[in-house]
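These are my notebook entries on one protein chain. I set down what I looked up, entry by entry.

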Amino acid sequence: MRGEVLTFEVATGEGAIAGDDGVRYGFAASDLRGATSIERGQRVDFVPGADGRAQDIIAMRPAYVPASSGGAGSGQFDFGRVISRTFNAIKQNAAICFGASALLVGVPSMLTAFGGASFMTGAAESSSPSVVGGVVAYLVGIVLYLIGAFMLQGMVVKAAVGGFNGKRVTFGEAFGVGVQYFLPLLGLAIVAGIATGFAYILLIVPGVLLSIIWSVSAAALVMEKRGVFESLQRSRDLTRGYRWQVFGLLVIYVILSWIVGGAIAGLGVATGGSFTNGSPNLAFNLITQPLVNILSSVVASAGVASLYYELRTAKEGAGVDNLAAIFD
(Lines give C-alpha, C1' and ligand atoms only; values in the text may rest on other atoms or scores of the structure.)
Protein backbone atom coordinates (compact mmCIF):
# COMPACT_ATOMS: atom_id res chain seq x y z
CA MET A 1 0.00 0.00 0.00
CA ARG A 2 1.21 3.56 -0.62
CA GLY A 3 0.25 6.79 1.07
CA GLU A 4 1.46 10.13 2.41
CA VAL A 5 2.77 11.04 5.84
CA LEU A 6 0.32 13.35 7.64
CA THR A 7 2.19 13.83 10.90
CA PHE A 8 5.29 12.57 12.67
CA GLU A 9 6.45 13.70 16.12
CA VAL A 10 10.11 12.98 16.76
CA ALA A 11 9.64 13.41 20.50
CA THR A 12 6.99 10.71 20.78
CA GLY A 13 8.02 8.65 17.77
CA GLU A 14 4.38 8.50 16.66
CA GLY A 15 2.81 9.57 13.37
CA ALA A 16 -0.02 9.05 10.90
CA ILE A 17 -0.25 8.16 7.23
CA ALA A 18 -3.10 8.86 4.81
CA GLY A 19 -3.32 5.68 2.75
CA ASP A 20 -4.32 5.87 -0.90
CA ASP A 21 -7.25 3.65 0.01
CA GLY A 22 -8.72 6.55 2.01
CA VAL A 23 -7.86 5.06 5.41
CA ARG A 24 -5.75 6.78 8.07
CA TYR A 25 -3.00 4.59 9.54
CA GLY A 26 -1.00 5.20 12.70
CA PHE A 27 2.65 4.22 12.99
CA ALA A 28 5.65 4.38 15.29
CA ALA A 29 9.29 5.16 14.58
CA SER A 30 10.06 1.46 15.02
CA ASP A 31 7.91 0.76 11.93
CA LEU A 32 10.25 2.79 9.70
CA ARG A 33 12.54 0.70 7.56
CA GLY A 34 15.98 2.11 6.71
CA ALA A 35 15.33 5.40 8.52
CA THR A 36 14.75 6.74 12.03
CA SER A 37 12.69 9.76 11.01
CA ILE A 38 10.40 10.86 8.21
CA GLU A 39 8.94 14.17 7.04
CA ARG A 40 5.38 15.33 6.63
CA GLY A 41 4.21 15.00 3.03
CA GLN A 42 6.67 12.19 2.26
CA ARG A 43 5.30 9.52 -0.02
CA VAL A 44 5.73 6.10 1.56
CA ASP A 45 5.06 2.46 0.89
CA PHE A 46 3.86 0.27 3.77
CA VAL A 47 2.04 -2.88 4.79
CA PRO A 48 -1.35 -2.13 6.38
CA GLY A 49 -1.92 -3.97 9.64
CA ALA A 50 -5.21 -5.41 10.84
CA ASP A 51 -5.31 -2.93 13.72
CA GLY A 52 -5.14 0.17 11.54
CA ARG A 53 -1.38 0.50 11.98
CA ALA A 54 1.15 0.89 9.18
CA GLN A 55 4.06 -1.55 9.24
CA ASP A 56 7.36 -1.93 7.34
CA ILE A 57 7.30 1.68 6.10
CA ILE A 58 9.67 2.64 3.27
CA ALA A 59 10.17 6.22 2.09
CA MET A 60 9.63 6.14 -1.66
CA ARG A 61 12.11 7.57 -4.09
CA PRO A 62 10.74 10.43 -6.20
CA ALA A 63 11.60 8.64 -9.43
CA TYR A 64 12.89 5.37 -10.75
CA VAL A 65 16.64 5.24 -11.17
CA PRO A 66 17.97 2.20 -13.05
CA ALA A 67 20.69 0.24 -11.34
CA SER A 68 22.88 0.64 -14.43
CA SER A 69 22.94 4.39 -13.92
CA GLY A 70 24.14 4.12 -10.35
CA GLY A 71 20.77 4.14 -8.59
CA ALA A 72 20.47 2.24 -5.35
CA GLY A 73 17.66 1.15 -3.12
CA SER A 74 17.46 0.39 0.55
CA GLY A 75 19.73 -2.62 0.12
CA GLN A 76 17.61 -4.57 2.60
CA PHE A 77 15.70 -7.74 1.78
CA ASP A 78 13.01 -8.60 4.31
CA PHE A 79 11.56 -12.14 4.39
CA GLY A 80 8.67 -11.12 6.59
CA ARG A 81 7.77 -8.24 4.34
CA VAL A 82 7.64 -10.41 1.23
CA ILE A 83 5.45 -13.01 2.94
CA SER A 84 3.23 -10.31 4.43
CA ARG A 85 2.83 -8.66 1.03
CA THR A 86 2.00 -11.98 -0.56
CA PHE A 87 -0.88 -12.76 1.74
CA ASN A 88 -2.07 -9.14 1.89
CA ALA A 89 -2.28 -9.10 -1.92
CA ILE A 90 -4.28 -12.34 -1.84
CA LYS A 91 -6.56 -11.01 0.90
CA GLN A 92 -7.22 -7.72 -0.88
CA ASN A 93 -7.97 -9.48 -4.17
CA ALA A 94 -9.44 -12.74 -2.86
CA ALA A 95 -12.33 -12.80 -5.33
CA ILE A 96 -10.03 -12.42 -8.32
CA CYS A 97 -7.28 -14.71 -7.06
CA PHE A 98 -9.45 -17.61 -5.95
CA GLY A 99 -12.18 -17.10 -8.54
CA ALA A 100 -9.68 -17.13 -11.40
CA SER A 101 -7.73 -20.01 -9.88
CA ALA A 102 -10.88 -22.09 -9.39
CA LEU A 103 -11.85 -21.52 -13.02
CA LEU A 104 -8.44 -21.74 -14.69
CA VAL A 105 -6.73 -24.29 -12.43
CA GLY A 106 -9.44 -26.00 -10.39
CA VAL A 107 -11.66 -27.13 -13.28
CA PRO A 108 -8.77 -28.63 -15.31
CA SER A 109 -7.51 -30.32 -12.14
CA MET A 110 -10.91 -31.96 -11.68
CA LEU A 111 -10.71 -33.19 -15.27
CA THR A 112 -7.26 -34.71 -14.74
CA ALA A 113 -8.42 -36.33 -11.49
CA PHE A 114 -11.46 -37.78 -13.26
CA GLY A 115 -9.33 -38.98 -16.19
CA GLY A 116 -6.76 -40.59 -13.91
CA ALA A 117 -9.44 -42.38 -11.91
CA SER A 118 -11.21 -43.59 -15.07
CA PHE A 119 -7.94 -44.89 -16.52
CA MET A 120 -7.00 -46.83 -13.37
CA THR A 121 -10.51 -48.24 -12.95
CA GLY A 122 -10.65 -49.28 -16.62
CA ALA A 123 -7.21 -50.88 -16.43
CA ALA A 124 -8.22 -52.84 -13.31
CA GLU A 125 -11.43 -54.06 -14.98
CA SER A 126 -9.89 -54.54 -18.47
CA SER A 127 -12.33 -52.03 -19.91
CA SER A 128 -10.89 -50.43 -23.07
CA PRO A 129 -13.48 -47.60 -23.35
CA SER A 130 -12.75 -46.49 -19.78
CA VAL A 131 -9.00 -46.59 -20.39
CA VAL A 132 -9.21 -44.56 -23.62
CA GLY A 133 -11.68 -42.09 -22.11
CA GLY A 134 -9.53 -41.68 -19.04
CA VAL A 135 -6.40 -40.96 -21.10
CA VAL A 136 -8.23 -38.38 -23.24
CA ALA A 137 -9.75 -36.64 -20.22
CA TYR A 138 -6.39 -36.61 -18.45
CA LEU A 139 -4.52 -35.12 -21.43
CA VAL A 140 -7.19 -32.49 -22.07
CA GLY A 141 -7.09 -31.58 -18.38
CA ILE A 142 -3.29 -31.19 -18.48
CA VAL A 143 -3.45 -28.89 -21.53
CA LEU A 144 -6.20 -26.75 -19.96
CA TYR A 145 -4.27 -26.67 -16.69
CA LEU A 146 -1.14 -25.32 -18.40
CA ILE A 147 -3.14 -22.67 -20.27
CA GLY A 148 -4.95 -21.67 -17.10
CA ALA A 149 -1.79 -21.54 -14.97
CA PHE A 150 -0.11 -19.06 -17.32
CA MET A 151 -3.22 -16.88 -17.57
CA LEU A 152 -3.53 -16.98 -13.77
CA GLN A 153 0.02 -15.66 -13.39
CA GLY A 154 -0.81 -12.56 -15.43
CA MET A 155 -4.08 -12.02 -13.61
CA VAL A 156 -2.63 -12.32 -10.10
CA VAL A 157 0.30 -10.05 -10.97
CA LYS A 158 -2.16 -7.41 -12.19
CA ALA A 159 -4.29 -7.79 -9.06
CA ALA A 160 -1.24 -7.73 -6.76
CA VAL A 161 0.15 -4.55 -8.34
CA GLY A 162 -3.25 -2.93 -7.98
CA GLY A 163 -3.28 -3.93 -4.32
CA PHE A 164 0.19 -2.49 -3.77
CA ASN A 165 -1.17 0.84 -4.99
CA GLY A 166 -4.47 0.78 -3.14
CA LYS A 167 -6.41 0.34 -6.38
CA ARG A 168 -9.37 -1.87 -7.06
CA VAL A 169 -8.83 -4.21 -10.00
CA THR A 170 -11.88 -5.78 -11.61
CA PHE A 171 -11.99 -9.38 -12.73
CA GLY A 172 -12.34 -8.20 -16.33
CA GLU A 173 -9.21 -6.04 -16.12
CA ALA A 174 -7.19 -8.85 -14.60
CA PHE A 175 -8.53 -11.35 -17.15
CA GLY A 176 -7.50 -9.03 -19.97
CA VAL A 177 -3.93 -9.01 -18.69
CA GLY A 178 -3.97 -12.81 -18.39
CA VAL A 179 -5.05 -13.14 -22.03
CA GLN A 180 -2.59 -10.48 -23.22
CA TYR A 181 0.45 -12.11 -21.63
CA PHE A 182 -0.50 -15.77 -22.04
CA LEU A 183 1.69 -16.49 -25.07
CA PRO A 184 4.77 -14.62 -23.77
CA LEU A 185 4.45 -16.38 -20.41
CA LEU A 186 4.07 -19.72 -22.18
CA GLY A 187 7.22 -19.04 -24.19
CA LEU A 188 9.04 -18.03 -21.03
CA ALA A 189 7.95 -21.21 -19.27
CA ILE A 190 9.11 -23.39 -22.19
CA VAL A 191 12.57 -21.78 -22.37
CA ALA A 192 13.11 -21.69 -18.61
CA GLY A 193 11.58 -25.15 -18.13
CA ILE A 194 13.85 -26.82 -20.69
CA ALA A 195 16.97 -25.10 -19.33
CA THR A 196 16.27 -25.85 -15.67
CA GLY A 197 15.13 -29.38 -16.56
CA PHE A 198 18.49 -30.18 -18.14
CA ALA A 199 20.26 -28.53 -15.20
CA TYR A 200 18.37 -30.71 -12.71
CA ILE A 201 19.16 -33.83 -14.76
CA LEU A 202 22.88 -33.04 -14.82
CA LEU A 203 23.16 -31.89 -11.22
CA ILE A 204 20.64 -30.71 -8.65
CA VAL A 205 22.58 -27.60 -7.57
CA PRO A 206 22.67 -25.93 -11.04
CA GLY A 207 18.94 -26.59 -11.37
CA VAL A 208 18.22 -24.92 -8.04
CA LEU A 209 20.46 -22.00 -8.97
CA LEU A 210 18.66 -21.42 -12.27
CA SER A 211 15.31 -21.60 -10.48
CA ILE A 212 16.49 -18.86 -8.13
CA ILE A 213 18.06 -16.71 -10.84
CA TRP A 214 14.91 -16.80 -12.98
CA SER A 215 12.43 -16.71 -10.08
CA VAL A 216 10.97 -13.28 -10.98
CA SER A 217 11.23 -13.52 -14.77
CA ALA A 218 7.45 -13.90 -15.17
CA ALA A 219 6.77 -10.78 -13.10
CA ALA A 220 9.41 -8.85 -15.08
CA LEU A 221 7.76 -9.92 -18.33
CA VAL A 222 4.29 -8.79 -17.25
CA MET A 223 5.22 -5.67 -15.27
CA GLU A 224 7.89 -4.30 -17.58
CA LYS A 225 6.53 -5.63 -20.90
CA ARG A 226 9.81 -7.31 -21.78
CA GLY A 227 10.50 -10.18 -24.15
CA VAL A 228 11.22 -13.73 -23.03
CA PHE A 229 15.03 -13.53 -23.00
CA GLU A 230 15.00 -9.94 -21.72
CA SER A 231 12.85 -11.07 -18.79
CA LEU A 232 15.26 -13.88 -17.95
CA GLN A 233 18.17 -11.43 -17.98
CA ARG A 234 16.18 -8.91 -15.93
CA SER A 235 15.45 -11.56 -13.29
CA ARG A 236 19.13 -12.49 -13.24
CA ASP A 237 20.08 -8.87 -12.60
CA LEU A 238 17.46 -8.35 -9.88
CA THR A 239 18.36 -11.48 -7.95
CA ARG A 240 22.12 -10.87 -8.09
CA GLY A 241 23.36 -10.23 -4.55
CA TYR A 242 20.14 -11.56 -2.98
CA ARG A 243 20.13 -15.18 -4.13
CA TRP A 244 20.61 -16.71 -0.68
CA GLN A 245 17.64 -14.66 0.54
CA VAL A 246 15.55 -15.75 -2.45
CA PHE A 247 16.57 -19.37 -1.84
CA GLY A 248 15.49 -19.09 1.79
CA LEU A 249 12.17 -17.60 0.75
CA LEU A 250 11.55 -20.37 -1.79
CA VAL A 251 12.32 -22.95 0.90
CA ILE A 252 9.72 -21.33 3.15
CA TYR A 253 7.08 -21.48 0.40
CA VAL A 254 7.95 -25.12 -0.38
CA ILE A 255 7.59 -26.03 3.31
CA LEU A 256 4.22 -24.26 3.45
CA SER A 257 3.15 -26.20 0.37
CA TRP A 258 4.22 -29.46 2.01
CA ILE A 259 2.27 -28.57 5.14
CA VAL A 260 -0.91 -27.90 3.15
CA GLY A 261 -0.44 -31.05 1.07
CA GLY A 262 0.30 -33.10 4.17
CA ALA A 263 -2.77 -31.80 5.95
CA ILE A 264 -4.99 -32.70 3.02
CA ALA A 265 -3.32 -36.11 2.68
CA GLY A 266 -3.95 -36.69 6.38
CA LEU A 267 -7.59 -35.83 5.82
CA GLY A 268 -7.62 -38.39 3.03
CA VAL A 269 -6.27 -41.11 5.29
CA ALA A 270 -8.84 -40.22 7.94
CA THR A 271 -11.67 -40.50 5.40
CA GLY A 272 -10.55 -43.74 3.79
CA GLY A 273 -7.67 -42.54 1.65
CA SER A 274 -7.51 -41.74 -2.03
CA PHE A 275 -8.16 -45.42 -2.81
CA THR A 276 -11.02 -47.61 -1.68
CA ASN A 277 -10.82 -51.38 -2.13
CA GLY A 278 -7.94 -50.93 -4.58
CA SER A 279 -9.76 -48.42 -6.82
CA PRO A 280 -9.51 -44.63 -6.82
CA ASN A 281 -11.84 -42.75 -4.51
CA LEU A 282 -13.09 -40.39 -7.22
CA ALA A 283 -15.11 -38.10 -4.96
CA PHE A 284 -12.12 -37.55 -2.70
CA ASN A 285 -9.71 -36.89 -5.58
CA LEU A 286 -12.12 -34.50 -7.31
CA ILE A 287 -12.10 -32.33 -4.19
CA THR A 288 -8.56 -32.53 -2.85
CA GLN A 289 -6.48 -32.37 -6.04
CA PRO A 290 -8.13 -29.17 -7.35
CA LEU A 291 -8.07 -27.62 -3.87
CA VAL A 292 -4.31 -28.14 -3.48
CA ASN A 293 -3.64 -26.82 -6.99
CA ILE A 294 -5.85 -23.76 -6.47
CA LEU A 295 -4.14 -22.77 -3.22
CA SER A 296 -0.60 -23.41 -4.43
CA SER A 297 -1.16 -21.55 -7.72
CA VAL A 298 -2.53 -18.44 -6.00
CA VAL A 299 0.25 -18.31 -3.38
CA ALA A 300 2.97 -18.96 -5.97
CA SER A 301 1.73 -16.24 -8.35
CA ALA A 302 1.24 -13.65 -5.60
CA GLY A 303 4.58 -14.63 -4.07
CA VAL A 304 6.43 -13.99 -7.33
CA ALA A 305 4.86 -10.53 -7.64
CA SER A 306 5.75 -9.69 -4.03
CA LEU A 307 9.31 -11.00 -4.43
CA TYR A 308 9.78 -8.96 -7.59
CA TYR A 309 8.63 -5.80 -5.85
CA GLU A 310 10.89 -6.41 -2.86
CA LEU A 311 13.92 -6.96 -5.10
CA ARG A 312 13.25 -3.77 -7.04
CA THR A 313 12.83 -1.82 -3.83
CA ALA A 314 15.97 -3.24 -2.23
CA LYS A 315 18.15 -3.08 -5.33
CA GLU A 316 16.93 0.00 -7.19
CA GLY A 317 14.73 1.97 -4.83
CA ALA A 318 11.80 1.71 -7.23
CA GLY A 319 8.54 2.53 -5.51
CA VAL A 320 5.10 1.30 -6.41
CA ASP A 321 4.46 4.45 -8.45
CA ASN A 322 6.74 3.01 -11.11
CA LEU A 323 4.99 -0.35 -11.04
CA ALA A 324 1.57 1.27 -11.22
CA ALA A 325 2.50 3.33 -14.28
CA ILE A 326 2.95 0.12 -16.27
CA PHE A 327 -0.79 -0.56 -16.16
CA ASP A 328 -2.05 3.05 -16.22
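I take helices (H or I, at least four residues) and strands (E, at least two) as DSSP runs, numbered from the N terminus. The model is predicted, so I accept local features at pLDDT of at least 70 and side-chain atom pairs at pLDDT 80 or more, while totals for chains, interfaces and linings use all residues. I number residues from 1 along each chain as its sequence is written, and side-chain values use heavy atoms, with hydrogens and water left out.

**Entry 1. The chain as a whole**

I looked up the element count and found 11 helices and seven strands in the protein chain. For burial I use relative accessible area: buried is under 20%, exposed over 50%, partly exposed in between (1.4 Å probe, protein chains only). Of the 328 residues, 43% count as buried. For contacts I require heavy atoms within 4.5 Å. Among contacts between residues at least 6 apart in sequence, 68% join residues at least 24 apart.

**Entry 2. D56 and R81**

I checked the backbone of D56, which lies in strand β5 (residues 54–59). D56 has a positive phi of about 50° although it is not a glycine. I find D56 partly exposed, at a relative accessible area of 23%.

I then turned to R81 in helix α1 (residues 79–92). Is R81 buried or exposed? R81 is buried, with a relative accessible area of 0%. Leaving aside residues up to four places away in sequence, I list its contacts as R33, D45, F46, V47, Q55, D56, I57, I58, S306 and E310. D56 is thus one of the residues that R81 touches.

**Entry 3. Helix α4**

I asked which residues of α4 (residues 171–180) are buried, and noted A174, V177 and G178. Seen down the axis of α4, these buried residues fall within an arc of 100° and so line one face of the helix; the arc is that of the directions from the helix axis to the C-beta atoms. An α-helix has 3.6 residues a turn, so residues three or four places apart point the same way. On the other side of α4, I find G172 and Q180 exposed.

I looked at V177 separately: its relative accessible area is 7%, which is buried. The C-alpha atoms of V177 and Q153 are separated by 9.4 Å, with their positions 24 residues apart along the chain taken as the sequence separation.

**Entry 4. Helix α5 against α6 and α8**

Two packed helices are described by the angle between their axes and the distance between the axes. I use axes that are lines fitted to C-alpha atoms, for helices over the stretch in contact, with angles from 0 to 180 degrees between N-to-C directions.

The axes of α5 (residues 182–202) and α6 (residues 204–213) come within 6 Å and cross at roughly 155°. That makes α5 roughly antiparallel to α6; the cut-off for that term is an angle over 145 degrees. I record the crossing as left-handed, that is, the near helix is turned anticlockwise from the far one by less than a right angle, clockwise being right-handed. From α5 the contact takes A195, T196, A199 and Y200, and from α6 I204, P206, G207, V208, L210 and S211. By class, I count seven nonpolar, three polar and no charged residues in this contact. Here Ala, Val, Leu, Ile, Met, Phe, Trp, Tyr, Cys and Pro are nonpolar, Asp, Glu, Lys and Arg charged, and the others, Gly among them, polar.

For α5 and α8, the axes come within 9 Å and cross at roughly 65°. This crossing is right-handed. P184, G187, L188, V191 and A192 in α5 meet V228, F229 and L232 in α8. The classes are seven nonpolar, one polar and no charged residues.

**Entry 5. Helix α7 and K225**

How many of the eight residues of α7 are buried? Eight of the eight are, so α7 is largely enclosed by the rest of the structure. I note them as S217, A218, A219, A220, L221, V222, M223 and E224.

Just after α7, K225 takes a positive phi of about 55°. K225 lies in the loop between α7 (217–224) and α8 (228–239). I find K225 exposed, with a relative accessible area of 54%.

**Entry 6. F247**

I located F247 in helix α9 (residues 243–270). F247 is partly exposed, at a relative accessible area of 33%. Not counting residues up to four places away in sequence, F247 touches V208 and I212. F247 and S215 are 32 residues apart in sequence and 9.6 Å apart in space, C-alpha to C-alpha.

Terms used
Angles under 35 degrees count as roughly parallel, over 145 as roughly antiparallel, 65 to 115 as roughly perpendicular and the rest as oblique.
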